[in-house]
Amino acid sequence: MSLKGKTAIITGSNSGIGLGIARELARAGADVVLNSFTDRDEDHALARQIATEFGVTARYIQADMSKGDQCRALIQTAGACDILVNNAGIQHVCPIDEFPTEKWDAIIAINLTSAFHTTAAALPLMRKAGWGRIVNIASAHGLTASPYKSAYIAAKHGVVGLSKTTALETAGQGITCNAICPGYVLTPLVEAQIPDTMKKYDMGREEVIKKVMLERQPSREFATVEQLGGTTVFLCSDAAAQITGTTISVDGGWTAL
Ligand code: NAD
């Protein structure tokens with residue numbers, strides 16, 4: 001599964017799943033471009049650490065995935081894009097009739113519209129190379145729903161639809177596009193939901209994890225960022241050359257229920 005010589009751009013990759021995917025792609029030999037909204041010294045240090053650990057080129061490019069022009073500029077600045085992982089995402093939990101419009105707009109922009117812009121900018125480069133892999137990080141919430149996450153669920157269903165359409169527009173061109181649908185992974189995004197859920201149900205941290213979160217996953221275990229990275233590497237490999245326009249659930253059985 002060597003990805004030596006390929007350049008991978010991973011949006012929102014200074015923490016959690018995006019960082020895990022960047023590390024596994026680098027382990028497989030790909031040169032990686034990390035991205036986040038803010039430009040902190042630590043983000044550059046993460047790139048340097050990956051370069052040293054795996055002997056690849058690793059760069060950090062700041063770009064705000066809520067802005068279309070910056071999404072496109074990320075691809076142009078990188079200069080090459082064999083593998084595009086659309087991972088940047090945010091969430092907000094609130095009933096529909098109280099959902100702030102600016103939060104709705106930000107969630108749709110960062111989780112969904114950014115993938116449209118980066119894909120549009122990356123496709124000419126992939127077509128020129130005759131090879132490309134697009135991996136969109138959707139969610140179990142891209143296939144199912146639960147209350148109070150309307151914008152996130154609408155965005156993730158949109159990511160699944162965009163992935164299928166991209167697959168159809170690139171079929172037979174050496175390019176594939178698929179969506180990965182994770183269940184719960186204990187990242188900063190999920191950690192941020194725990195305090196409110198503890199208050200809401202009057203539960204302790206462990207109880208929230210067991211009875212609210214992992215209750216939905218028959219495996220009763222979190223998926224790990226390394227497992228998400230491994231799934232991405234597989235989708236980029238030759239073994240997956242005919243896998244396009246589909247979703248791969250990494251959710252401990254959540255969507256099988
Ligand atoms: P995370 O908070 O650790 O990562 C989110 C990343 O997005 C961060 O690197 C952050 O810098 C980046 N980001 C946020 N706003 C941005 C912006 N405007 N521009 C550029 N980057 C921005 O959370 P995570 O759990 O690792 O989430 C990664 C992806 O996985 C998201 O798309 C999320 O919806 C999806 N996901 C997560 C879970 C889970 O349980 N953790 C489950 C299903 C899907």
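Ala, Val, Leu, Ile, Met, Phe, Trp, Tyr, Cys and Pro count here as nonpolar, Asp, Glu, Lys and Arg as charged, and the others, Gly among them, as polar. On that scale, the shell around the ligand has 13 nonpolar, 15 polar and one charged residues. The model is predicted.

## Ligand shell

The ligand is surrounded by 29 residues. Gly12, Gly16, Gly89, Thr187 and Leu189 are the closest. Four elements each give two or more residues to this shell: helix H1 (16–27), strand E2 (31–36), helix H4 (101–129) and helix H6 (188–191). Where does the ligand lie relative to domain 1 and domain 2? It lies between them, because both domain 1 (7–185 + 223–249) and domain 2 (186–222) give residues to the shell.

## Two domains

The protein is divided into domain 1, in two segments (7–185 and 223–249), and domain 2 (186–222). How many residues of domain 1 are in contact with domain 2? Eleven are, and they meet eleven residues of domain 2. The side of domain 1 that touches domain 2 has six nonpolar, five polar and no charged residues. The centres of the two domains, taken over C-alpha atoms, are separated by 25 Å.

## Overall fold

Nine helices and seven strands make up the secondary structure. The C-alpha atoms fill a box of roughly 55 × 40 × 35 Å along the principal axes. The radius of gyration is 18 Å, which agrees with the value near 18 Å for a compact globule of 257 residues. Buried residues make up 45% of the 257 residues. Among contacts with a separation of 6 or more, 74% join residues 24 or more positions apart.

## Core

The largest nonpolar core has 66 residues. Helix H4 gives the most to this core, with nine residues. Which residues have the most contacts inside the core? They are Leu25 and Val32. Setting aside residues up to four places away in sequence, Leu25 touches Leu3, Ala8, Ala30, Val32, Ile83, Gly229, Thr232 and Val233.

## Less covered sites

Helix H7 (residues 194–201) is hardly covered. The count of buried residues among its eight residues is zero. Asp202, just after H7, takes a positive phi of about 50°.

Tyr148 and Arg220 also have positive phi values, and neither is a glycine. The table sets out these two residues with their loops.

| Residue | Phi | Loop | C-beta neighbours inside 10 Å |
|---|---|---|---|
| Tyr148 | near 75° | between strand E5 (132–137) and helix H5 (150–170) | 14 |
| Arg220 | near 55° | between helix H8 (205–213) and helix H9 (225–236) | 13 |

Is Tyr148 buried or exposed? Tyr148 counts as partly exposed, because it has 14 C-beta neighbours inside 10 Å. Arg220 also counts as partly exposed, with 13 such neighbours.

Asp64 sits in a loop as well, between strand E3 (58–62) and helix H3 (68–78). It has 19 C-beta neighbours inside 10 Å, so Asp64 counts as partly exposed. A residue is buried if 20 or more other C-beta atoms lie within 10 Å of its own. Beyond residues up to four places away in sequence, Asp64 touches Phe37 and Gln70. The C-alpha atoms of Asp64 and Asn86 are 13 Å apart, with these positions 22 residues apart along the chain counted as their separation.

Key
Residues are numbered from 1 along each chain as its sequence is written. This is a predicted model: local features need pLDDT of at least 70, side-chain atom pairs count only at pLDDT 80 or more; totals for chains, interfaces and linings use all residues. A residue is near a molecule or strand if its C-beta atom, placed from the backbone, lies within 6 Å of it. Domain bounds come from an automatic or database domain assignment. A residue is buried if 20 or more other C-beta atoms lie within 10 Å of its own, exposed if 12 or fewer, and partly exposed in between; C-beta atoms are placed from the backbone. Two residues are in contact if their C-beta atoms, placed from the backbone, lie within 7 Å. A nonpolar core is a set of buried Ala, Val, Leu, Ile, Met, Phe, Trp, Tyr and Cys residues joined through C-beta atoms within 7 Å. The radius of gyration is taken over C-alpha atoms; the globule rule is 2.2 Å times the number of residues to the power 0.38.
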